[in-house]
Amino acid sequence: MLSKVKLYWESFLHLFFPELCAACMREIPVSGDVLCVYCNHDLPLCGFPSLTDNLVHWRLAGRALPIWASSYMFFKEGNVTQALLHQLKYRGKQYIGEEFGRRHGEYILSQLPAEWRPDYIIPVPLHPKRLHERGFNQSTCYARGLSEAMRVKVREDILVRRKYTETQTRKSKQDRIKNVSDAFQLRDAEGLTGKTILIVDDVFTSGATLEACILPFHGLEEVKVSIATLAIADDW
Ligand SMILES: [Zn+2]
């Protein structure tokens, strides 16, 4: 009975406040989904069959080798992923990061051996000035979704961004790497011995940012690093 009332109430609300697809803004029927059927169908999922033999791992080869790495969807100019990331990052739709973090977390769990299970999830930090400008960290939204699905705690007190870097999008590959190489620092590494951490970011392009995040952990004993990103640019 209660669910019927809820359904009527939701349908009534929907008349005045229709739900819109998070990617294309089409109206969607009462479904509780964030995407319309078209965008759900077009979602370019990576579906990497392995956590160790995939595009993310290959791109970090010879630089920083995480024990495992995963990415949820391919990013390309004009695709659904680009629209979703734009809404998340520049329109403040934090629920997009959370929703796809949950979806990715479930996918990772279906592949993850127990011994590689992370103890903490660490979102790539923003510089405090950038955080103030944007009001939130998009990687933290994604981390919250992963955390919910994987039941792993998010820690934002371990790694800090000490360098305010200009936006990376218009820089060349070499400049991006130089720009970010010494941007991160450990703030609190207490109690990390023997732990596995999962560093997470919204998009993987050259891998320069994630490599710079992994480096401070290399000096620590017995800390294993793994990587997850919401998207990966497939034509980088
Ligand atoms: Zn749509």
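Reader: Hello! Is Cys 21 buried or exposed?

Author: Welcome! This is a predicted model, and Cys 21 makes a good starting point. A residue counts as buried when its relative accessible area is under 20%. For Cys 21 that area is 0%, so the residue is buried.

Reader: Which residues coordinate the zinc ion?

Author: Cys 21 takes part through its SG atom. Three further cysteines also use SG, and the distance is 2.3 Å. Together, the residues that hold the zinc ion are Cys 21, Cys 24, Cys 36 and Cys 39.

Reader: What arrangement do the four donor atoms around the zinc ion make?

Author: The angles that the donors subtend run from 107 to 114 degrees. Four donors pass the test for this class if all angles lie between 85 and 135 degrees. The angles at the zinc ion therefore make the arrangement tetrahedral.

Reader: How many residues apart in sequence are the parts that Cys 21 and Cys 36 tie together?

Author: Cys 21 sits in the loop between β1 (19–20) and β2 (27–28). Cys 36 belongs to the loop between β2 and α2 (37–42). The pair therefore links parts of the chain whose separation in sequence, in residues, is 15.

Reader: What does Cys 24 count as, by its relative accessibility?

Author: Let us set Cys 24 beside another zinc ligand. Cys 36, at 3% relative accessibility, counts as buried. Cys 24 has a value of 31%, and the class between the 20% and 50% cut-offs is the one in between. Cys 24 therefore counts as partly exposed.

Reader: How many disulfides does the count come to?

Author: A disulfide needs a pair of cysteine sulfur atoms within 2.5 Å. Applying that rule here, the number of disulfides is zero.

Reader: Which residue in the loop between β1 and β2 has a positive phi although it is not a glycine?

Author: The loop between β1 and β2 holds this residue, and its phi is about 70 degrees. At 30% relative accessibility, it counts as partly exposed. The residue is Met 25.

Reader: Which residues does Arg 103 touch, not counting residues up to four places away in sequence?

Author: Arg 103 lies in helix α5 (residues 94–109). Its relative accessible area is 18%, so Arg 103 is buried. Leaving aside residues up to four places away in sequence, the residues Arg 103 touches are Asp 33, Val 34, Asn 40, Leu 43 and Tyr 72.

Reader: How many of the 13 residues of α7 are buried?

Author: Helix α7 covers residues 138–150 and reaches 19 Å from its first C-alpha to its last, close to the 18 Å expected. Its buried residues include Gln 138, Tyr 142, Leu 146 and Met 150. The helix is largely enclosed by the rest of the structure, because its number of buried residues is 11.

Reader: Which residue caps the N-terminal end of α7?

Author: The cap comes from a side-chain oxygen that lies 2.9 Å from the backbone nitrogen of Ser 139. After α7 comes Arg 151, with a positive phi near 55 degrees. The residue that caps the N-terminal end is Asn 137.

Reader: What share of the 236 residues of the chain count as buried?

Author: The chain has nine helices and nine strands. Some residues are exposed, including Glu 222, with a relative accessible area of 56%. Across the 236 residues, the buried share is 46%.

Terms used. Residues are numbered from 1 along each chain as its sequence is written. This is a predicted model: local features need pLDDT of at least 70, side-chain atom pairs count only at pLDDT 80 or more; totals for chains, interfaces and linings use all residues. Side-chain values use heavy atoms; hydrogens and water are left out. Donors are N, O and S atoms within 2.8 Å of the metal (3.2 Å for Na, K and Ca); water is not among the atoms, so sites may look incomplete. Four donors count as tetrahedral if all angles lie between 85 and 135 degrees; four count as square planar and six as octahedral if opposite donors are over 155 degrees apart and all others between 65 and 115; anything else is irregular. Helices (H or I, at least four residues) and strands (E, at least two) are DSSP runs, numbered from the N terminus. Buried means under 20% relative accessible area, exposed over 50%, partly exposed in between (1.4 Å probe, protein chains only). The expected span of a helix is 1.5 Å times one less than its number of residues. A polar contact is a pair of N or O atoms within 3.5 Å; within protein, one must be able to donate a hydrogen and the other to accept it, and residues adjacent in sequence count only if both atoms are side-chain atoms. Contact means heavy atoms within 4.5 Å.
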